[in-house]
Every structure is written in structure tokens, then in C-alpha cells.
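Colleague: Before I use these labels at the bench, I would like to hear what stands behind each of them.

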Amino acid sequence: MTFWESTKKSIENAADILQGRRVLYDSDKYRFLSYSLAAIHAIICLRFFLLDYTILYTFNFVSTIAYFYLGTVLAKQEKYLHIFLFSYCEVITHSVLASILAGWDWGFMIYILAIIPVAFYLSYSLPSLHHNMKLPFLFSYVAMCIFVVTVFLCDAIDPIYTARKYDVELTIAYAFNSLVAFIMLILFSIFFVIEIRRNEITLESQFDALQSVSSIDPLTKLLNRRACKKYLDKWIETCKKQQKNRITVVIADIDHFKKINDTYGHDCGDMVLVTVSEMFKKHMKDKGCVARWGGEEFLLV
């Protein structure tokens, strides 16, 4: 497969996932997120290492290893709530620590804002939370309080690490953190859309199945009495509005059907019902409607 064919196939798969035609498995989703966070922390770790910010590059190094473990082990074990709880605590701790030690201007507190919609997504998507809306509000409230407290701390305390060569480095760091936070928001918005679309398709499928069950006789595959009456009322109403239209209603039953059941058994009786139904459908085709009106009674419209 060439590069362009592979790219085209990837785009088609992505489109199918967005439309809900293809399932995006939770294990793949959380593995991707864990590895992405590991990569982000590895980049930040390198930056702090070059600046000799010992506490921060050590923290990011440990976080990189931890996220790699989450994606490799916990995602495979389907412990998605554990992944979120660790990520929530790690992101908040890292944001506060980096803001206090390196300064507010780095923009690490943006991550706290970005993690709030993640909590709401999890309450919607994870069966273990059972759509519990108290937890995301609790997570959001805690994050908001920590954000406000950190603002005052950063205003009152000078950064411990003040070594920076150029202001442009701060601008780049702030832009990088902002970009990552926006990507997180966009990514989880896409996950929301995928989840909602998948649920819509499931509901549509279930609705079609229920419609079929409520309208079709399971043995003969003809319309049942309820569905036929509904269509008959509709056609009668149409004939009243359009005087030229006419309908013919025929009711028929199978003679001596009880004797067939008594003599040959109900399985044989079912075979007779199916055979007669097939005969009616063959001759009616698209000219009208055939229904099983009662036990061995049929209605033709």
C-alpha cells in the first residue's frame, strides 16, 4: 500500500468514526491520550532540563514514565477511571508547581481550565460513573478553587526559578502550553461528538427493531392486525380526499385449519400459514397490503 493510499484509508476511517459508523474503542482512546501526555511531558522535561530547573524536570520525567505506564498497562486493563484520576491530580499538581516555581507567565495554569470538560466527558461516557453529574461538578469546583488560590500565590510570591535568557522563550512556552490546552479541548469535543453519534445510531437501530417487532407478525412476516389497521385508516383518509381513488378489502381464512392442527400438529399448521402467506405476497407484490388479521385469517387491501 502506497503512502497516499494509506493516508486516504486513514482519512476514511476517521470519517467513519466521526459519523459513528465505526467504533472507536475506549482502550485505543485512552492509550492515545496517555501516550500524548507522555510526549508532552517529555518535551517540557527537556526544556526544564536545559534551564536546570531541577524540581520541575524531575517531576516531568516521572510523569512521562507514569503516563507511558498508564497507556501500556492500565488502558489495556480498561481502568479508565484510574487513568483520569491520576491525570487530573497530576495536571493540577504540575500546573501549580510550575506556576509557583517558574512563574505565572509560563501559562501552565491553562491546563487546569482544559481538564474541566474532560471530567464532564468521562461522566457521560464511562459506565462506572453511571452519568453521575455530581463528580464533574466537584472536580470543576476543586480545579476552580486551586486556580484562584494559585493566582494569589503567584502574585504574592516571587518565582524560585528566575533564570531566563530571553523574553521570547517565555512567549514560546506560553504559546506551546496554550496550543496543547486548545488541542485537548478540541480532542475531547470530538470525542463528545463521536459518543453522541454512536448513541444516536444505537437508538435508531433499536427503534427500527422495535418498529419491526410491533408491526410484523413473527411467523408469517406479514403485517400484524395493529399495523394493517393503521395503514387501512390512512388509505381510507386518502380516498376521502381524492375521490378517484378506490380500495378493495378482502378478508379470508383457511378452511378446516383446526382439523389440520389436530391431525398433523401445530408445526404443520405453521407451515400451512407460512405457505399461504407466501402465496398472498407473491400475487399482491406492490399492489397493496397483506396482513395476518387473526389466527388463520388474512386481510388483503
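Modeller: What follows sets each label against its cut-off.

Modeller: This is a predicted model, in which local features need pLDDT of at least 70 and side-chain atom pairs count only at pLDDT 80 or more, while totals for chains, interfaces and linings use all residues. Residues are numbered from 1 along each chain as its sequence is written, and side-chain values use heavy atoms, with hydrogens and water left out.

Colleague: Why is Asp217 called buried or exposed?

Modeller: Buried means under 20% relative accessible area, exposed over 50%, and partly exposed in between, with a 1.4 Å probe and protein chains only. Asp217 has 11% relative accessibility, so Asp217 counts as buried. Asp217 is in the loop between helix H7 (167-215) and helix H8 (225-241); helices (H or I, at least four residues) and strands (E, at least two) are DSSP runs, numbered from the N terminus.

Colleague: With which side chain does Asp217 make a polar contact at 2.6 Å?

Modeller: With the side chain of Thr220. A polar contact is a pair of N or O atoms within 3.5 Å; within protein, one must be able to donate a hydrogen and the other to accept it, and residues adjacent in sequence count only if both atoms are side-chain atoms. The side chain of Asp217 also makes a polar contact with the side chain of Arg292, at 3.3 Å.

Colleague: What makes Arg292 and Asp217 a salt bridge?

Modeller: A salt bridge is a side-chain nitrogen of Lys or Arg within 4 Å of a carboxyl oxygen of Asp or Glu. The closest N and O atoms of Arg292 and Asp217 are 3.3 Å apart, and the pair forms a salt bridge. This pair links distant parts of the chain, 75 residues apart, with Arg292 in strand S2 (residues 290-292) and Asp217 in the loop between H7 and H8. Both residues, Arg292 and Asp217, are buried.

Colleague: How many salt bridges does the search find in the whole structure?

Modeller: Five. One of them joins Asp233 to Lys229, with the closest N and O atoms 3.4 Å apart. Asp233 and Lys229 are four residues apart in helix H8, so about one helical turn separates them. Asp233 has a relative accessible area of 41%, so Asp233 is partly exposed; Lys229, at 46%, is partly exposed.

Colleague: What separates Glu278 and Lys281 along helix H10?

Modeller: Three residues, about one turn of the helix, which spans residues 266-284. Glu278 forms a salt bridge with Lys281, the closest N and O atoms being 3.5 Å apart.

Colleague: Why are H3 and H4 called parallel or antiparallel?

Modeller: Angles under 35 degrees count as roughly parallel, over 145 as roughly antiparallel, 65 to 115 as roughly perpendicular and the rest as oblique. Helix H3 (residues 54-74) and helix H4 (residues 80-102) pack at about 170 degrees, with their axes 11 Å apart. H3 is therefore roughly antiparallel to H4. Axes are lines fitted to C-alpha atoms, for helices over the stretch in contact, and angles run from 0 to 180 degrees between N-to-C directions.

Colleague: What is notable about phi in Glu78?

Modeller: Phi of Glu78 is positive, about 60 degrees, although Glu78 is not a glycine. Glu78 lies in the loop between H3 and H4, and at 55% relative accessibility Glu78 counts as exposed.
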